[in-house]
Amino acid sequence: MTSTVRALARHEYRSALRSGVLLLLILSMVLVAAGSVAIASYDFKAQVADYQAYLAQAKASGAPVASAPQFVPLQLLRGTIEYVEIIGAVLAIGLGYLAVARERSSNTLPLILSRPVRGRDLFLGRLAGAAALVTTILAATAAIAYLVVGTVGGHWLTGTELIRLVLTFGIAILYLLIFYALGTWLSARSKVVANGLVVAVAIWLSVVLIIPQIGDTMDPDNQVPGGLFAALQVKKPDEKRVLAHFSNYERIRNGLEETSLTKHFERLTFAITGIKDKYNGKPLGTIAYAKRADIASLAVYVALLGVLMWRGLKRESATRRET
Amino acid sequence: MSTTIVVARQQLRSLARSRTFVLMLGILLVMTGLSGFIGWSSHATIIRVYDQTVQTLTAAGKAAPPNPFASKPRLSLLNNMIIYIPLIGSLLAIVIGQRSVTDDRQAGVTRVIFSRPVGRSSYFWGKLAGSAFAGVAIMIACLGLSVVGLGLINQGLPTGSELVRLALFYALSGTYLFLFVLVGMVAALLTRSESLGLFAGVAVWVLVTFATPQFTSGLRPVASLNPVNDPVATSGSPFFKVTSKAKPFAVNEQYKALSTRILTVGSRLQPATSAGQLAPIAAFLLALGAWAHLLVRRQDFSEDTARD
């Protein structure tokens, strides 16, 4: 990293820190993450208590006993990951927008451009600054999640679990940087910077909330509380036989979900953390192979938004140089 | 023409010019149009899945369970609206409330307005009336789209009782959204920066839509997006026994519960229970309204335009 890139990154980071935005975002994410892991822990304890009550009844009546709920510590992070994918994304858009808005209102770009700063340095500096910001927010979130799993959940994560936690939050950094780039690109290409924010928020609404919501609603198993096949008391092999007749519908539903960047992020991180039971305890190599399509899609989005952010900043530089 | 009406008209014109408002309104109307189709598509598929399950079980010599969807009411096809209103509608409402304050501030017209004999209360009520009129117009448009959607799906217009229930649902939705108009207004009045005001409004939206249902019912954020959800059992957990006591004050959960009952049980709605579910929404509405009024009365409108 050149000294110019480092200086620009430091400027980006310090500006966010000075405005109080960084502290506000850290506080918000830490609070929702702590609450979410604590609630998931209490939820699991409630399941265990319900199971104990059921076990006593089943033993008294001599009925066959079902297996106890399995404790997978990283599954307690499900709510936190969902908060990152929903709230984290909108906060990252906000950070991208604020970086452009702040620069326009303080008029610092013409000053920077009066020095021998290349477009590439400007782009890399902004990106490095944003990465540092997002990493600070997510590191605080991961740390509080680790602490709450240990204290409320009653389990301190082991080395392997910690690696998976770090990997998950590493992917989350990339995911948030995509939205940061979206916010920067759209704000930089708008004459009125707030208009860019609005378009970015509309994209966030569609990609993060609406498309996954439609996909979830269209899932036949989501039509009954607890799942359709569980309600019909249909076993897994019969369920598979039934769903084989609806492969086209499932393909359309899945295709719709796959248009959403958020779903790729969710599928990958849920596999790594074992939230998706199918991947629970599987080696990371096996998961990476099984989730190669999601990894590739995230990589495409990273590259695409990176290019768009570059172009947005180039345009912004050209406009500001003229003015 | 009274001052209140003039302010309300100016507020409506300003909203119509706002790109943010038009974009969010467009998304809400498109999703309202689509919600009937999504409901119908999911319902038709699940019925086919059930029929296929019966065939599979019968072929294996097993007994088939009763159809859980046999008596599903026709209006329940619009269940997705119970999600889209708090999701998209609330954001739109925050934009309406926020713009009602920041548009004048940005254009620098507040100083001009108050250089004339305009009372703070008249200004406040004018802004509120303009926002309310916009809200009513949006809800009427959504109602129209829902009627058309249901007509196309069911190949016939909704019955009189269904129309009444739909009107009730959109009246409730309008009331719920007005809560967020006031959130947007208060957030904008408390902050000088337009973006910070918007973020503060969005933060309240996150708290109401995602964080509170998780606290009171253990619903994860993504589970809150599904009209059919599975709250945690509170019986075994002392934590949820305590937090579930806050459920009557969780406006989002009360809105969803009452809306579901309006769209599904209809004439069997119990007035006492419904009033109980409406009470927290009304209470927050009054409290926020009073706060916004107080802030408008105390605001220093001689300041410069909003910062970003």
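**Chat notes: helix α1 and the A–B contact**

Q: Which residues of α1(A) are exposed, on the other side from the buried ones?
A: A:S3, A:R14 and A:R18 are exposed there. Keep in mind that this is a predicted model.

Q: And which are buried in α1(A)?
A: A:V5, A:L8, A:A9, A:E12 and A:A16. They cover an arc of only 100° around the axis, which puts them on the same side of α1(A).

Q: What covers those buried residues?
A: The cover includes α2, α3 and α5 (119-151) of chain A.

Q: What span should α1(A) have, and how far apart are its ends?
A: The helix runs over residues 3-19, so 17 residues at 1.5 Å each. The expected span is one less than the residue count times 1.5 Å. That should give 24 Å, and the end C-alpha atoms are 24 Å apart, which agrees.

Q: What comes just after α1(A)?
A: A:G20, with a positive phi of about 85°.

Q: Zooming out, how many helices and strands does chain A have?
A: 13 helices and zero strands.

Q: What are the dimensions of chain A along its principal axes?
A: Its C-alpha trace spans about 85 × 45 × 35 Å.

Q: How much of chain A is buried?
A: 44% of its 323 residues.

Q: What share of the contacts joins residues at least 24 apart?
A: 84%, counting contacts in chain A between residues at least 6 apart in sequence.

Q: New topic: how many residues does each chain put into the A–B contact?
A: Chain A gives 54 residues and chain B gives 48.

Q: Which elements of chain A give two or more residues to that side?
A: α2 (21-61), α3 (78-106), α7 (193-218), α8 (228-231) and α9 (236-243). Of these, α7(A) gives the most, with 13 residues.

Q: What does the chain A side look like by class?
A: It has 32 nonpolar, 14 polar and eight charged residues.

Q: How does α7(A) pack with α2(B)?
A: At an angle of about 10°, with the axes 11 Å apart. Angles under 35 degrees count as roughly parallel, and α7(A) and α2(B) are therefore roughly parallel to each other.

Q: Which residues make that contact?
A: From α7(A), they include A:V198, A:A202, A:L205, A:I210 and A:I214. From α2(B), they include B:L23, B:I27, B:M31 and B:I38. B:R19 of α2(B) also takes part.

Q: And how does the contact of α7(A) with α2(B) divide by class?
A: Into 10 nonpolar residues, five polar and one charged.

Notes:
Residues are numbered from 1 along each chain as its sequence is written. Chains are lettered from A and ligands numbered from 1 in the order in which they are written. This is a predicted model: local features need pLDDT of at least 70, side-chain atom pairs count only at pLDDT 80 or more; totals for chains, interfaces and linings use all residues. Two residues are in contact if their C-beta atoms, placed from the backbone, lie within 7 Å. Helices (H or I, at least four residues) and strands (E, at least two) are DSSP runs, numbered from the N terminus. Ala, Val, Leu, Ile, Met, Phe, Trp, Tyr, Cys and Pro count as nonpolar, Asp, Glu, Lys and Arg as charged, and the others, Gly among them, as polar. A residue is buried if 20 or more other C-beta atoms lie within 10 Å of its own, exposed if 12 or fewer, and partly exposed in between; C-beta atoms are placed from the backbone. The arc is that of the directions from the helix axis to the C-beta atoms. Axes are lines fitted to C-alpha atoms, for helices over the stretch in contact, and angles run from 0 to 180 degrees between N-to-C directions. Angles under 35 degrees count as roughly parallel, over 145 as roughly antiparallel, 65 to 115 as roughly perpendicular and the rest as oblique.
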